[in-house]
There are 2 protein chains.
Amino acid sequence: MPDSQADMLNELVAKPDTPGQVRGRQGNGSRAGGARRVSMREVAQQASVSVATVSMVLNDNPRISKATQIKVRRIIDKLGYRPNRLAQSLSSQYTRVLAVLLPPLRHAFSDPYFGELLSGICDRADKLGHKIMLESAKPDFLRERKHMELFERRFVDGMFCLGVNDRHHWVRDFSDAGFPMLCVNNYFPELNLDYVVADYRSGAEQVMNVLLQLGHKQIALINGAPEAQTARDVLEVYTARMQDAGLECDTSWTADGRFTEEGGAAALNEIIDRHPDVSAIFAGNDKMALGAMHQLVERGRRVPGDVSVVGFDDIQQMAFVNPSLTTVHLPLYEVGARACELLVQRIRGKTENVAERLATHLVLRDSTSIVPGRR
Amino acid sequence: MPDSQADMLNELVAKPDTPGQVRGRQGNGSRAGGARRVSMREVAQQASVSVATVSMVLNDNPRISKATQIKVRRIIDKLGYRPNRLAQSLSSQYTRVLAVLLPPLRHAFSDPYFGELLSGICDRADKLGHKIMLESAKPDFLRERKHMELFERRFVDGMFCLGVNDRHHWVRDFSDAGFPMLCVNNYFPELNLDYVVADYRSGAEQVMNVLLQLGHKQIALINGAPEAQTARDVLEVYTARMQDAGLECDTSWTADGRFTEEGGAAALNEIIDRHPDVSAIFAGNDKMALGAMHQLVERGRRVPGDVSVVGFDDIQQMAFVNPSLTTVHLPLYEVGARACELLVQRIRGKTENVAERLATHLVLRDSTSIVPGRR
DNA sequence: ACGATCCGTTAAACTGTTTAAGCAGTTAAC
DNA sequence: GTTAACTGCTTAAACAGTTTAACGGATCGT
């Protein structure tokens, strides 16, 4: 099976030259199975007007008289005519399609973090009359410059980049070529790219406030990739607040959890080995928090009895894990929706530079408690 | 802000008649910011051949001589020409775009179940040279027959439906109109639609086997919507196995968890109120299992000490919850990938009817144990 | 009565491809 | 000796719309 499957795959790949079935150029008869496609020309004929008139009727051009409007619309309904958007886009220069570029992580599509962003983007795109095309930024994809091809070959009018960071040099390609692109929930202070982000700094402030107020002094940070600006923001706030409070926070108190459950678990091991007396874990996202929490229990610590854990993102499931996770709520849906609005504005040429920061708030649940009585 | 935001939204909605900026018909000069777009005509001129020749070069038509090949390709590279796929599709009748229709659930996009399917679909689509367009089957969407419009207006060549069930009468629209559609991980025995599913029956058999072998006798089923055929399959297997074992399994032992964490929690409450002696919970998906597990702990039962819990789907996070969840692994990624292959085959007209069932297997983790010593 | 304005409509040009049909000469098969 | 199938390429007609200059007729002011 693996072999025959590979064969089939190969055979199916869209070769540039794919005859498919016989097609011929015999006008458009009744298509295989589909209802006979009716074009604007036929509508025009039946309504005894020109195609230009039909086009203008469809576009509510005020130069068309009420009478003609109605006459043409009646024929349109009667014939069940639907304008072909390929022809429309070819002519009008707008595709009304936006691409969402996801990072090439194995579970990017099933990651609630990206899912919420995507959900906001899609909902708003739909309201604005745009379609969403999904792409994954795999190495091959970028090497073959498919990200540029999307624009150059007129697949899309604009693009969202999710999960990008400083290592992704290609984000500059878009602005260099003048293609509308918007970074969703990350940003590049030095690059002057459009973005919409949640306010990571204020979120981190709230986490530190609550942990310190609960009396914690041994607070460790499990952070995501430091090549993400938002992750650096969190680190900065953590460090500043710890220093303000006169607490120890050298690099031995932080570990990279690569934004995954596994990474969070591994990071927890590092930290607990270095600092067995750790009393609170601040994780840069919920997945790492979950991994850390799991590992804590694995190593015989109770949460929050022995160690408090705080996450970041507030993905939905975190209300249902045991114990439910205290976390910073990021308005990811709203970030996505707003990003979509702004990108569309940009495409329409109505906006110069876009940068927005949406408020966050802490959600207190059961994974945090007052520091155990070790005074 | 809510008001001004609504205004802006309204203003941005793509009206049929959107002048945008001035556009005019002045050929294609240097586009705003973008590199000057070069068309096939220009390539042909520079290479002193006809556009047809250029087209044939691009499509590797064997009738083109090696010399012309090279000459034309050189010009193509020099000018940085990229074929306009709107024109290609308009002419060739293939869009090479597939739509994925997701159910209109609030968290559909962030649901790892759909995410895995989507991931498989997208990966394979990419390999096969196809793009993926995302749609959400909201009531409005269906009422306005946008699902048909996708085909009629030539947005896509084919469509995947995820999360559909018997109540979704519109699934018939596609086959009625002869549009290629494929149901992913659900099926309609009486409808003769194409589908690819995981083998729910065999998965359920494995769950029942392990629970019975562990000595459980009070086994409850928290099932998803009974309007899904796969959910009915699970129910049937549950009932059959319980009866085989001479155990009680009337409807008081099952509850509808609507496939959500909240639903799972609510269903658990029903069951535990009716049967305080329940010793094992079989949930129709992992989310319900998680909700049930959370609620069990909430109500003072230990998992698996007092009650064992088994899920279904094997979404990634379930390895990291406490306790980690025993569950049936569905090859969702593979289901998606295979679905994509078959849909593409269908579009190419190479296949008549498609129906495939992929194997599942049980993953034993920490949420199940031998029945507590109450003999 | 004459030119200007306005209105609704049309023809033609344009978007950028693919492909059937042809051109005229060469070779192979029947 | 005719037919057929090459050769490598061109021409022109599709594909299905949008846009704009122009046009004829009615209205209007002078």
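Q: How does chain B lie on chain A, by what turn and shift?
A: In this predicted model, a turn of 180° with a shift of 0.0 Å along the axis lays chain B on chain A, at an RMSD of 0.1 Å. The two copies are thus related as by a two-fold rotation axis.

Q: Which C-alpha of chain B is nearest the axis?
A: That of B:Met133, 2.2 Å from the axis.

Q: And the contact between the chains, how many residues?
A: 72 residues of chain B are in contact with 71 residues of chain A.

Q: Which elements of chain B give two or more residues to that side?
A: Helices H1 (2-12), H5, H6 (112-127), H8 (146-152), H13 (286-298) and H14 (332-347), plus strand S2 (131-136). The largest share, eight residues, comes from H6(B). By class, the side of chain B that touches chain A has 30 nonpolar, 24 polar and 18 charged residues.

Q: Why do the copies meet through the same surface?
A: Because 99% of the interface residues of chain B are also interface residues in chain A.

Q: What about S2, parallel or antiparallel?
A: Strand S2 of chain A and S2(B) pair in the antiparallel sense, over three bridges. A:Ile132 stands opposite B:Leu134 there.

Q: Switching to the DNA. Which residues are closest to strand C?
A: A:Ala52, A:Thr68, B:Met40, B:Ala52 and B:Ser55, out of 32 residues that surround DNA strand C.

Q: Which helices supply at least two residues of that surface?
A: H3 (51-58) and H5 (85-92), from chain A and from chain B.

Q: How many of the residues there are charged?
A: Five, alongside 12 nonpolar and 15 polar.

Methods. Residues numbered from 1 in each chain as written. Chains lettered and ligands numbered in written order. Predicted model: local features only at pLDDT ≥ 70, side-chain atom pairs only at ≥ 80, totals over all residues. Near = placed C-beta within 6 Å. Helix = DSSP H or I, 4+ residues; strand = E, 2+ residues; numbered from the N terminus. Nonpolar A, V, L, I, M, F, W, Y, C, P; charged D, E, K, R; others polar. Least-squares fit on C-alpha atoms with pLDDT ≥ 70 in both. Contact = placed C-beta atoms within 7 Å. Pairing = 2+ DSSP bridges.
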